[in-house]
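Subject: A structure for you to explore

Hello,

Here is the structure I promised to pass on to you. Please open it beside this email and follow along as you read.

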Amino acid sequence: MKRSVAILSSAVLVVALMTGCGGKAEEAKQDPTTPANQTDGGNQAANDPLVQFPKLTLPYSADQKAVIVEYQGGTVTGQEFEEFLRVINFMNPQQGTMIEIADSNSLKAFAREYTATKVLASRSEDAMKKESKELAEKTFEKIKTQYMGFLGKDEAQFNKLMEGQGVTKDMIVNQMDLINQSINVMKKNIDDATLKQTYDSMDKASRTVASVRHILISTEKRKPEEALKLSNDLVARLKKGEDFAKLATEFTDDPGSKQSGGLYENADVTQWVPEFKEASLNQKVGEVGPPVKTDFGYHIIKVENRKEKTFDEMKEQLRASSLEKAYDNFAKNELDKLITKFNIPQSKNDAAEKK
């Protein structure tokens with residue numbers, strides 16, 4: 001399981017809480033063809049916004065005092081682990097869905113992650129602890145403000161929500177404090193000079209973002225020659241002055257950009273397949289190029305703008321990447337040596353998997 005919590009800053013963890021609207025696991029069970037507003041849950045949500053945020057149902061049972069993980073220098077108790085999981089759910093209902101369907105192996109991964117957070121936080125210095133606690137307090141207020149926006153700015157409703165979720169302000173702040181401390185410990189060796197060296201070693205493509213409008217003519221349901229002919233016809237129409245966005249909405253086979261008139265805005269060019277990336281890097285800005293063939297079909301491309309990001313623009317992105325690498329190194333080279341025993345309770349989802 002990827003590092004889902006501690007590698008992220010508190011600011012990032014003020015998540016788009018509405019990803020959890022509709023009741024997380026309940027939503028997954030709905031017929032996907034049925035609009036949410038036509039279900040009983042949708043009507044309930046309209047009358048009671050708290051229905052959107054159901055309490056996390058843990059897929060296991062464990063005594064609060066039970067030792068879930070033993071590691072050199074400490075333990076993780078059942079209470080700590082439950083609080084960790086409930087706070088994750090409160091901050092990001094999508095993670096809550098993953099917790100509810102977790103099997104024993106996934107629970108072990110969550111427990112390992114939380115243990116990593118505790119171990120790293122134990123290495124923080126006094127100044128880090130002060131900064132981490134202050135940031136945790138500010139983050140709680142941001143999360144509260146975000147929730148309040150969906151609760152009619154009713155503080156009583158927010159308090160009722162926390163009670164229903166099985167969390168308190170202290171629980172949330174304490175968990176965020178641990179996360180912040182673990183991040184600050186890893187940040188200690190990631191200074192701007194190190195990040196600048198990374199930036200200077202990157203190739204041009206890795207530093208380039210572009211806004212590209214395109215039309216995909218797929219070869220999935222057409223013969224390649226038919227796709228190429230249609231692509232050339234569209235290029236001719238565009239060069240005569242027809243509106244790119246209008247034609248993209250009408251003809252493109254790319255669902256990801258159809259509603260935006262074929263536009264991918266300020267995107268990292270490295271995310272695209274090689275042929276599309278090369279066109280985005282080298283095609284003249286503002287001009288419609290010849291069809292570009294990829295495994296998906298033919299792309300008609302117009303680069304609307306392109307720029308190479310400066311170090312200052314990339315610095316925090318590079319820092320996040322360096323933090324992830326630092327965590328990976330810690331997990332690979334230290335964490336499993338420090339953990340002496342897992343006592344993970346069996347998940348009720350194990351039985352479901354065997355059926």
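What percentage of the residues of the protein chain count as buried? The chain has 355 residues, and 44% of them count as buried. Please keep in mind that this is a predicted model.

**The overall picture**

The protein chain contains 14 helices and seven strands. Its exposed surface comes to about 18900 Å², with carbon and sulfur atoms supplying 49% of that area. If you take contacts between residues at least 6 apart in sequence, 76% of them join residues at least 24 apart.

**The nonpolar core**

In soluble globular proteins, nonpolar side chains tend to be buried together. The largest nonpolar core here has 58 residues. Phe81, Leu85, Phe90, Phe158, Leu161, Ile172 and Tyr327 are the ones with the most contacts inside this core. Several elements supply at least two residues each, including strand β1 (67-71), helix α5 (104-121), helix α7 (155-165) and helix α8 (169-187). Helix α13 gives the most, with nine residues.

**Aromatic rings**

There are twelve aromatic pairs in total. One of them is worth finding on your screen: the rings of phenylalanine 90 and tyrosine 147 have centres 4.7 Å apart. Why is this pair called tilted? The two planes meet at 35 degrees, and a pair counts as stacked under 30 degrees and as edge-to-face over 60, so this one is tilted.

The pair also links distant parts of the chain. Phenylalanine 90 belongs to helix α3 (residues 78-91) and tyrosine 147 to helix α6 (residues 126-150), and 57 residues separate them. Are these two residues buried or exposed? Phenylalanine 90 counts as buried because its relative accessibility is 0%, and tyrosine 147 counts as buried at 1%.

Both belong to one aromatic cluster, formed by Phe53, Phe90, Phe140, Tyr147 and Phe158. Leaving aside neighbours within four places in sequence, phenylalanine 158 is in contact with Phe90, Phe140, Lys144, Tyr147, Met148 and Leu151.

Another ring to look at is that of tyrosine 199. Arginine 207 lies over its face, at 4.5 Å from the ring centre.

**Two residues and a helix to look up**

Start with proline 49, which is found in the loop between α2 (40-47) and β1. Proline 49 has a relative accessible area of 18%; the cut-off for buried is under 20%, so proline 49 is buried. Its contacts, apart from neighbours within four places in sequence, are Phe150, Leu151 and Gln157. Proline 49 and leucine 161 are 112 residues apart in sequence, while their C-alpha atoms are 9.5 Å apart in space.

Next, try lysine 315, in helix α13 (residues 311-338). Lysine 315 is buried, with a relative accessible area of 18%. Which residues does lysine 315 touch, not counting those up to four places away in sequence? They are Asp192 and Leu195.

Finally, look at helix α12 (residues 274-282), where Phe276, Ala279, Ser280 and Leu281 are buried. The buried residues of α12 pack against three strands that you can pick out: β3 (208-218), β5 (292-294) and β6 (297-308).

Enjoy exploring, and write back with any questions.

Best wishes

Methods
Residues numbered from 1 in each chain as written. Predicted model: local features only at pLDDT ≥ 70, side-chain atom pairs only at ≥ 80, totals over all residues. Heavy atoms only, no water. Helix = DSSP H or I, 4+ residues; strand = E, 2+ residues; numbered from the N terminus. Buried < 20%, exposed > 50% of the residue type's maximum accessible area, 1.4 Å probe, protein only. Contact = heavy atoms within 4.5 Å. Phe/Tyr/Trp six-rings, centres within 6.5 Å; stacked < 30°, edge-to-face > 60°. Lys NZ or Arg CZ within 6 Å of the ring centre and 35° of its normal. Areas by Shrake-Rupley, 256 points an atom, 1.4 Å probe, with all protein chains shown as cover. Core = buried A, V, L, I, M, F, W, Y, C linked by side-chain atoms within 4.5 Å.
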